[in-house]
Amino acid sequence: MSRLLRPARVLLLGPPGSGKGTQTERLLKRFDLPGISSGDILRRHIKEGTEIGMLASSIINQGRLVPDDIMTEVVASELGRRHWLTPANSWLLDGFPRTRGQAEMLDSRELAPARAGLNFVVELVVPEHAILDRIANRLVHVPSGRLYNLTYNPPKVAGRDDVTGEPLTRRADDDPAVFRKRLHEYRASTQPLVEFYKNKGAGVVWSVAGETSDVIFAQLETEVVRRFGERVEET
Ligand code: G5P
Ligand code: MG
């Protein structure tokens, strides 16, 4: 276990299936960081049948993006219950912001504690053929967001979460037609954020390419340590 010496305020960007959730899980464990995933939060709302969940469910199942105002409300209320989102701490965001409007809101008063801004925006670049194969085999444990893949990282017991033993599910939006729509949304709405953050400051955006999450994580881990330093702690 180790901790970062300087605050890392990280956003992971990348097309659906590029491994944002997978890299998030690994980074949180490796550097003991707090973080949130907007997709996981929405899926929990859907599972619990909240008003937001009911609103979001049909949008997600069509592969469209949830409108910015609802997304900001969801993220703001989630962050209100967490106390780590300050400029002095390290934290990681998976999946939010994902439009220019959301990026501007993150810098604004609505999400005031985050105003020191992101200082490390990671763009995951994975070939499309690799992504399509992953999605067909994905399973998730919705309460925790834990991820599995039938070939890459299968659960120890088929269909069950390794930690709780609860059932795993497939994501409704992993249907091939919906997935194509999500890829389209990514190119239209989220990829332009890379330019937005490039214009914010030299070196904030860092792109990393690879066919597998193992190849990408090795590079990402090295880059995080290079940028933010680490203190290894005795366990
Ligand atoms: P999400 O949930 O954020 P996406 O579409 O951005 O969804 P997704 O699908 O969650 O992204 P990922 O996190 O990039 O993909 O990828 P992952 O889950 O880690 O990896 C995919 C699979 O491949 C997993 O099964 C994993 O185990 C496996 N895998 C990983 N690495 C490898 C490897 O090297 N090899 C192999 N073989 N397998 C591997 O958002 C969902 C929806 O919510 C709404 C939108 O409707 C969105 O479509 N939403 C928002 N809407 C508006 N604004 C926002 N900010 C929103 N956030 C969410
Ligand atoms: Mg994800």
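**An open parallel sheet and the shell around ligand 1**

Modeller: Strands S3-S4-S2-S5-S8, five in that order, form an open sheet with parallel pairing. The model is a predicted one.

Biologist: What makes S3 and S8 the edges of this sheet?

Modeller: Strand S3 (35-37) and strand S8 (205-209) each have a single partner strand, so one side of each has no neighbour in the sheet. On average, neighbouring strands here are turned by 15° against each other, direction ignored.

Biologist: How do you know that S2 and S5 count as paired?

Modeller: Pairing requires at least two bridges between the strands. Strand S2 (residues 9-13) and strand S5 (residues 120-125) are joined by four bridges and run parallel, so the requirement of at least two is met. As one instance, Leu11 has Val121 in S5 as its bridge partner.

Biologist: Which strands does H1 lie across, and what is its angle to S4?

Modeller: H1 lies across S2, S3, strand S4 (91-94) and S5, and runs at about 165° to S4. Helix H9 (residues 213-228) also packs on the sheet, where it touches S5 and S8; its direction makes about 155° with that of S8.

Biologist: Why is the approach of Gly17 to ligand 1 called a polar contact?

Modeller: The cut-off for a pair of N or O atoms is 3.5 Å. A backbone N or O atom of Gly17 is 2.7 Å from an oxygen atom of ligand 1, so the pair is within 3.5 Å and counts as a polar contact.

Biologist: What makes Arg182 and Ser213 qualify as well?

Modeller: In Arg182, a polar side-chain atom lies 2.6 Å from an oxygen atom of ligand 1. In Ser213, an N or O atom of the side chain is 2.6 Å from a nitrogen atom of the ligand. Both pairs are within 3.5 Å, so both are polar contacts. The protein buries 96% of the 1,100 Å² that ligand 1 exposes when taken alone.

Biologist: How many residues surround ligand 1, and which element gives the most?

Modeller: There are 33 residues around ligand 1, with Thr22, Arg64, Arg98, Arg182 and Ser213 the closest. H2 gives the most to the shell, with four residues. Helix H1 (20-31), helix H2 (38-48) and strand S7 (146-149) each supply at least two. By class, the shell has eleven nonpolar, 13 polar and nine charged residues.

Biologist: Why are Pro97 and Asp32 worth listing?

Modeller: Most peptide bonds are trans, and most residues other than glycine have a negative phi. The bond joining Phe96 and Pro97 is cis, with omega about -5°; Pro97 lies in the loop between S4 and helix H5 (100-106). Asp32, which is not a glycine, has a positive phi of about 50° and lies in the loop between H1 and S3.

Notes. Residues numbered from 1 in each chain as written. Chains lettered and ligands numbered in written order. Predicted model: local features only at pLDDT ≥ 70, side-chain atom pairs only at ≥ 80, totals over all residues. Heavy atoms only, no water. Near = heavy atom within 4 Å. Polar contact = N/O pair within 3.5 Å; in protein donor to acceptor, adjacent residues only side chain to side chain. Areas by Shrake-Rupley, 256 points an atom, 1.4 Å probe, with all protein chains shown as cover. Nonpolar A, V, L, I, M, F, W, Y, C, P; charged D, E, K, R; others polar. Axes fitted to C-alpha atoms, helices over the stretch in contact; angles between N-to-C directions. Contact = heavy atoms within 4.5 Å.
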